[in-house]
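Here are my notes on the sheet and what sits against it. Have the model open while you go through them.

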Amino acid sequence: MSDKRPLDIVVISDVHLGIYGCHAKELAQYLDSIQPRILILNGDIIDIWQFSKRYFPKSHTKVIRRILKMMGKGTDVYYLTGNHDEALRKYAGFGLGNFLIDNKLILDVDGKKHWFFHGDVYDVTMKNSKWLAKLGGKGYDLLIILNRLVNHMLEKMGREKMSFSQKVKAGVKQAVKFISDFEQTVVEIAADKEIDVVCCGHIHQPVIREEQVNGRTVTYLNSGDWVESLTALEYTEGRWDLYRHAEKKAPVVEEEDETLQLEWSAVARSISFTR
């Protein structure tokens, strides 16, 4: 008898396979624990922007293998493109068996109209200054690498981990305003389209919230990310729940030591890039 949790729908986004900040091991653990009927990969699964042949460890490959294994067991997999994997947008509409690549997805779930898409199309920075967004992405990656190195040292000292980027987002009014504006825009557009539930990724802020817009109730979902939040959205028994993966302390192995060395070299490359 399988010990995997059966679920109707699972949504993950912003995995960023191919960068140092990706928690691929934890994601593989999560995928091993579930058996969804539908898996929606809601953008930025593979980080093509930052992709490097020098860094794609076994743990990242394992995530892809887990997804393929799910497909082999009958799970319908929808790959919805994001800004970091936008190179795949030219393949929108391509399907093979129970796998489909597209830019958005509309599903009727228990009588409610659901709209799934990554969300970058409503990001003004992305639309008007892509080069600035990519430069910002470099800075974010550097922050994540430094954060992981600091947390590694804090863990050795027996102290609690911290999140640099979440502290920055919480402390910078402009970042808070951007997130609020993004969510409000998405909800208003969903209401205009007579959508009951809208699900995004992109801003790495996991949430389930109901909004009232012009007398219409819209449920806004965001699946978060697998860089910091380690979250997913799960639908079963007629309701959406936010799953948070507990980051367990893993035993020190050669692969981890190698990753730390690569992260130090990535810091050096990122610093030279910003000069």
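1. Strands β3 and β5 (residues 99-102) run parallel, paired over four bridges. Within that pairing, Tyr79 has Ile101 of β5 as its bridge partner. By strand I mean a DSSP run of E with at least two residues, and by helix a run of H or I with at least four, both numbered from the N terminus; two strands pair if DSSP finds at least two bridges between them.

2. Before going on, a caveat: this is a predicted model, where local features need pLDDT of at least 70, side-chain atom pairs count only at pLDDT 80 or more, and totals for chains, interfaces and linings use all residues. Residues are numbered from 1 along each chain as its sequence is written, and side-chain values use heavy atoms, with hydrogens and water left out.

3. β3 (residues 76-80) also pairs with β2 (residues 34-42), parallel again, over five bridges. Asn42 is matched there with Leu80 of β3. Four of the five residues in β3 are buried (under 20% relative accessible area, 1.4 Å probe, protein chains only).

4. Zooming out, the sheet is open and mixed, with seven strands ordered β4-β5-β3-β2-β1-β11-β12. β4 (95-96) and β12 (239-244) are the edges: each has a single partner strand, so one side of each lacks a neighbour in the sheet.

5. At the β4 edge, β4 and β5 are antiparallel over two bridges, with Gly95 opposite Leu100 in β5. Helix α2 (residues 58-72) packs on the sheet, touching β2, β3 and β5 (contact: heavy atoms within 4.5 Å).

Definitions and conventions
Buried < 20%, exposed > 50% of the residue type's maximum accessible area, 1.4 Å probe, protein only. Axes fitted to C-alpha atoms, helices over the stretch in contact; angles between N-to-C directions.
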